[in-house]
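Please look at the sequence and the structure below. Then follow the paragraphs in order and find each residue as it comes up.

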Amino acid sequence: MLIILYTAHPKKWLQHTIKLESSYFCCVKQTLFIAFYFICAISTIAQNQINQAKWQQKVDYDIKVRLFPTNKILKATIAITYTNNSPDTLKSIWLHIWPNAYKNNQTAFAKQLLSANKTDFQFCKPQEKGWIDSFNFTCNKHPLNWHYDEFNIDIIEVILEEALLPNSSIVIETPFVEKLPALFSRGGYKNNFFAVTQWYPKPATYDVNGWNKMPYLDQGEFYSEFGNFKVSITAPEKYLIAASGNLQTQSEINKLNNIFTEHKGHFVSQSNVLRTVEYEEKNIHDFAWFADTCFRVVKSFVKLPNNDTVTTWMFIGKNNHFDLAKKNPTTPLDEAILEYSKKIGNYPYKQCTVVIGDLLAGGGMEYPTITVCQSLDYETIRHEVGHNWFYGMLGTNERKYPWMDESINTFFEQQLSDQLRGNQSFFEDFKSKEWTGNYETLLAYLFSARQGIAQPLNTPSDSFSNLNYGAIVYAKGPLLFAYLQQQLGDSLFYTCFQNYFREWQYKHPLPGDMQRSFENTLGKSMEWFFKDLLMDKNNIDLVKKQHQYQLKGSEKLDAFLKEKKYLDANPYGFLPEKNYLNNGQKKHLISIGIPLRLPQQNTSIPLNLTPIIGYNLYDQFYAGALVYNRSIFRKKVEYFAMPAYAFGSKKLVGYAKLNFLFISQSKNIYKTETGLQGQSFGMQYLTHANQYFKINPYLKIFFKHKGKIDERFDQQLQVNLYRVGLQNSAYKYDDTTSILFPNSYFNNYCRVTYSYEDKHPINHFSLKLNSEIGSGYKTSTATNTYIKTWLNTEYKYQYARKKYLKSSFFAGVFIYKNGLVGNNKFFLSGNNGKTDYLYNEVMLGRSESIFSNNILGHQIINNNGNMRNVISFLDGTSTWMLSSSNEASLPGIIPFRIYADFGFYPYKNLNASVTKPQLFTTAGITLPLFKETLEIFVPIFQSKQFLAFNLFNYSIANSIGFKLNLNKLEPFKLIDNFRP
């Protein structure tokens, strides 16, 4: 966004320029042209300032609000006193009216929920949406004009009747009505619980970078001006209220005390008599309140290091049970206030409250002096209470710099929860739960980084992927501050934070301000931390060769560590590295571990063993072991081997894979994989028991989406070479010596695949374009060659919660062929394994058909035309084919879907002597199970080409089939595809 030049009167400067005499018109044009670009350039620079101005605005509020619980309505009036402490003259004030984020499906909030695959708001009932309106802005009783932001209906601009000069104030008043939404994020209602958050018109923060306008988002928090609040809340007597600040109404104070002391926390009332309670607080930048008819109330006190006493309250909803005689629920709240006060600075407010209630935007959400948590989980409570320092008293721009709030607060909370103590080296073997607790943050970060999808820590909140918001902001960020503590030592580390807190309390520090504060405390440059580690995405690697350390990826950090002679460069693993195995630590040659164990960072060759047992119709049961080096995250070199002995075929079977992973820093590619895989299992061919073999070298290239990593989009290019064949090279009939196959029966193929997928939860689209060459493969005694290409697309539209319309399309053509094609043709249906000539599908009965009198003969695979039909004797085509597969969910709770599939290709039926294009159709009902891994279908209608085969005992029962996609259940694929 561009704003006007950062001066007091930019327009006057331009007007003065325009007043030049007409004889200098050309010169004026040049001057204005240059001035325009100068303004744009300076404005762009201003938007990137990381050092805050010495001034900041002040906003005071006087709000009167009434809750109408039946209609989920708030009716209120607000008086905003805006003090302009900037050197600029303001002609308007931008306000956030964030309840409008819930008004329709086109808001930034609604779109972000979709990008995170959350569809509840998209399909909610109209009465579950929310909004704010009925404004009548006035100043000195004079009406003020206002308008919506061009792009966001939850941002408005109020035009001032007279410009607001520096060092002056203005009072803006308005009534407003808010319809509370159902609880889709942080605010709203659920049953009798009301979370009234981000609920009133709030001026956007105006700082060194100008107006910080931002729509409400589910991922990405807030940035607001400090000021004083006076809020009166009117609600029925049966609703207990918990709010920011200090309760001023003595009768309500007495009631809460009586509930805690005389009624053991229980509050029971059915009175609809209205009562009003008042709250006040100074030096806060937000106000939230909560109401419920079922709160239990617990009270406690905390004495701070400066001898001040803080009253702590917990309001606990009915879904959280505890025995007050055995467990004090305020313990984590009290601990957090005391420990944060010791380490950073004393808590300055008189009260601190935790509400245990409903929330959908994470496990907890903080507001000044009050927080809401989903449960009585100690770590969550400590974390959210800690936000009273990093967010509450240091009002950073969380939307743009989430690490300044979430990463720092998570570090201190994890210290308080004993997770980042550094009391056990990361390079030791995994021996206890304590090790897991200490390093769960590192493992979360490595999960993302090793897949090549990590993002820089200085990424804005709304630009993080859903996975990386946790893995980078809440995992990598805290690790870096743990590393800083390790390098500075406890005394200097805490002194830096205490000075920073003291200097910027009740202000809006930016990253440069924090760096300058630390440098003033330490008396030395801290660019190695604030620029190299926090602000940039580095591939840092600490290497030790011949007793000498070298740090790659950060020259400034390398210089800093050289001053310390590389003592304790990374002994606990807090510095995120791309490779931990070259740090010079003592390593074992090999270690043997259990399935999916945590990483063994002191082992050259980690060897994981998992016993396996499997079954297919031809090998019967087989048993063996899976040998692999994967942990929960990716490695540069990965291997899997699954040798097994088949008790039915009495042969060795199994699967093996060697994969090389390369993380790329290029503009368009983020990772590449290449390797070799092979497999061999039993099958049956022409009534003979056999065993197939497959060797597959491959290359996979993963592309970024528009130059960045976006988990919603998957774009790949794959090149696969295949050599497949059967164990027995020749077959003879029992009554003849004629040879059916030649002595060599190995086939060679090359397939190139481009795939694109948009994982939008409403409009899901995927495309695959394949080209394949089969060269030197055998059918009977002939050697054959062909080139074919085909396209698969699928569009999936979600029209209601868990209700879909889905349509796929196939088009294929043979470009060249020499000789016979055989099972390499295009087929309407992937019935049994004969169409899977590359052995890519996992099948329990690969050679079965409907004539086998075996249920496995009714399995079809997603191949070619993808029609749902188990009749296998319709011949394919080696010319061209078109098909479409379609299905729709049924309304209500009916789990079935209806489908209709179509195919069109040149076909020669049993009674015809010529080949001509024909239309094939089938329709019926289908039941998808286990996230569409298993699908059962029942054809109700089939076209005449299928029904013509009554001589083969065709029946509805024989046409019932299923799809079983066991490839989706590969454990490491499930791990890699995990997204929160």
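Find tryptophan 289 in this predicted model. Set aside its neighbours within four places in sequence, and tryptophan 289 still touches residues from several parts of the chain. Among its contacts are Val65, Leu67 and Leu74. Others include Phe194, Ala195, Val196 and Trp199. Ile233, Ile241, Ala242 and Ala243 are in contact with tryptophan 289 too.

Now widen the view to the nonpolar cores. The largest has 169 residues. Which residues have the most contacts inside it? They are Trp199, Trp289 and Trp403. Helix α10, residues 466-488, gives this core its largest share, with 11 residues. Another core lies apart from it and has 48 residues. Leu617, Val653, Met683 and Tyr685 are among them.

Next comes a set of paired strands. Strands of a sheet pair through backbone hydrogen bonds, and they can do this in a parallel or an antiparallel way. Start with strand β1, residues 58-68, which pairs with β2 over 11 bridges, in the antiparallel sense. Arginine 66 faces lysine 75 of β2 across this pairing. The two strands form a hairpin, and four residues sit between them. In that turn, lysine 72 has a positive phi of about 60°.

Strand β2 spans residues 73-84. Is it mostly covered or mostly open? It is mostly covered, since nine of its 12 residues are buried. β2 also pairs with strand β9, residues 168-179. That pairing is antiparallel as well, with 12 bridges. Here asparagine 84 stands opposite serine 168 of β9.

Move on to an open sheet of four strands. Their order is β10-β11-β19-β16, and the pairing is antiparallel. Why do β10 and β16 have one side without a neighbour in the sheet? β10 (188-190) and β16 (240-243) stand at the edges, and each has a single partner strand, so one side of each is left free of a neighbour there. From one strand to the next, the twist averages 15°. Three bridges join β10 to β11, which covers residues 193-196. One residue pair to find is tyrosine 189 with its bridge partner in β11, phenylalanine 194.

Finish at leucine 533. This residue is in helix α13, residues 527-535. Its relative accessible area is 3%, and the limit for buried is under 20%, so leucine 533 counts as buried. Leucine 480 is 53 residues away along the chain, yet the C-alpha atoms of leucine 533 and leucine 480 are separated by 7.4 Å.

Definitions and conventions
Residues are numbered from 1 along each chain as its sequence is written. This is a predicted model: local features need pLDDT of at least 70, side-chain atom pairs count only at pLDDT 80 or more; totals for chains, interfaces and linings use all residues. Side-chain values use heavy atoms; hydrogens and water are left out. Two strands pair if DSSP finds at least two bridges between them. Axes are lines fitted to C-alpha atoms, for helices over the stretch in contact, and angles run from 0 to 180 degrees between N-to-C directions. A nonpolar core is a set of buried Ala, Val, Leu, Ile, Met, Phe, Trp, Tyr and Cys residues joined through side-chain atoms within 4.5 Å. Buried means under 20% relative accessible area, exposed over 50%, partly exposed in between (1.4 Å probe, protein chains only). Contact means heavy atoms within 4.5 Å.
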